[in-house]
Amino acid sequence: MNRLAPRRERLRAATIAEIKQTARDQVADGGVAALSLRGVARAMGMTPSALYRYFDSHDVLINELCADAFGSLADALEAAYAAATDDPDWARRWLLLARAYRRWAHTHRTEYTLLFGPRTLELEKSDRCGDEMHRATGVLFRCLIEGIAAGAVDPSHLDGQLRPGLRAQLVAWGVDEGAPISPAGLAGALIVWTQLHGFLSLELFGQLPPTFDDFDDLYDQQMLDAIVRIGYRHPIDFASVTAPSPDVEPVVAGAATATPATNQATA
């Protein structure tokens, strides 16, 4: 039987959770620029000096919110990829992972904006925020690396397109990420990454054509096009690969909401 933490620790943890949720609410209402420690303290009925005992700067609070968001994204992607492991069709495994990413972005719009929208703060990558970010991106790397190892994807045609400066940057990035993959494979990873986020950002920020009832099929098509672009070697049966998973709720365009506090990770 687990022993309860001392009362002081429980009160501190509850206060930190409330501070984070209040901060997320401010970001949801006005973006990252609207977030201030004084504003959070005022909303909670605290003095700024009292709040500084929990977060001693605006940057520290932002990094903690980002760490929570990356952790939530990583959990969603890891669960989706684990559920798709037994599927023999690598293209479908990739698509299920990409759909999980989109579903998370829709149901965590505030967190998505915090992570991938405009900001002036350089995130601290040597602490929990960096660990959670690498855990999230690691799922995408693992999917691509497994596809290359299995012979489903061959990105070697990209190798001749790499200028020396770009090749050196890709090698350095691969070392930083700890990704055992060639420069051509890393270039392919960036192609997929930028296409995925380009679509999601345009969709979530209302920049895709308003005449579409939803963007589900367009997203699937774009994500499959991305893997063909980087060297997917097999024909794609679009109807089979894109068939909905019975245990997954479809994304409804325009229905994104902020996640309640009870679904958020806390420090």
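**Confidence.** I began with the confidence of this model, which is predicted, and I noted a mean pLDDT of 86 for the protein, with 87% of its residues at 70 or more. I then looked up residues 252–267, where the pLDDT is below 50, and I recorded that this stretch nevertheless has 32 contacts in the model beyond near neighbours in sequence.

**H1 and H2.** Next I turned to helix H1, which spans residues 7–30, and to helix H2, which spans residues 37–44, and I found that they pack at an angle of about 115° with their axes 10 Å apart. I entered H1 as roughly perpendicular to H2, because that class takes angles from 65 to 115 degrees. The handedness of the crossing of H1 and H2 I wrote down as right-handed. On the H1 side of the contact I listed Thr15, Glu18, Ile19, Thr22, Ala23 and Gln26, and on the H2 side Gly39, Val40, Ala43 and Met44. Sorting the residues of this contact by class, I noted five nonpolar, four polar and one charged.

**H5 and H10.** I then looked up helix H5, residues 90–107, against helix H10, residues 216–229, and found that their axes come within 10 Å and cross at roughly 130°. I entered H5 as oblique to H10, because 130° lies outside the range of 65 to 115 degrees for roughly perpendicular and is not over 145, the limit for roughly antiparallel. The crossing of H5 and H10 is right-handed. From H5 I listed Trp90, Ala91, Trp94, Leu95, Ala98, Arg99 and Arg102, which meet Asp216, Tyr219, Asp220, Met223, Leu224 and Ile227 of H10. By class I noted nine nonpolar and four charged residues in the contact of H5 with H10, and no polar ones.

**Ile227.** Finally I followed one residue of H10, Ile227, which is among those that meet H5. Is Ile227 buried or exposed? I entered Ile227 as buried, because its relative accessibility is 1% and the cut-off for that class is under 20%. Which residues is Ile227 in contact with, leaving aside its neighbours within four places in sequence? I listed Trp90, Ala91 and Trp94, together with Tyr232 and Ile236; Trp90, Ala91 and Trp94 I had already entered as residues of H5 that meet H10. I also looked up Ile227 against Ala189, and noted that the two are 38 residues apart in sequence, while their C-alpha atoms are 9.3 Å apart in space.

Technical notes
Residues are numbered from 1 along each chain as its sequence is written. This is a predicted model: local features need pLDDT of at least 70, side-chain atom pairs count only at pLDDT 80 or more; totals for chains, interfaces and linings use all residues. Side-chain values use heavy atoms; hydrogens and water are left out. Axes are lines fitted to C-alpha atoms, for helices over the stretch in contact, and angles run from 0 to 180 degrees between N-to-C directions. Helices (H or I, at least four residues) and strands (E, at least two) are DSSP runs, numbered from the N terminus. Angles under 35 degrees count as roughly parallel, over 145 as roughly antiparallel, 65 to 115 as roughly perpendicular and the rest as oblique. A crossing is left-handed if the near helix is turned anticlockwise from the far one by less than a right angle, and right-handed if clockwise. Contact means heavy atoms within 4.5 Å. Ala, Val, Leu, Ile, Met, Phe, Trp, Tyr, Cys and Pro count as nonpolar, Asp, Glu, Lys and Arg as charged, and the others, Gly among them, as polar. Buried means under 20% relative accessible area, exposed over 50%, partly exposed in between (1.4 Å probe, protein chains only). pLDDT is the predictor's confidence in each residue, from 0 to 100.
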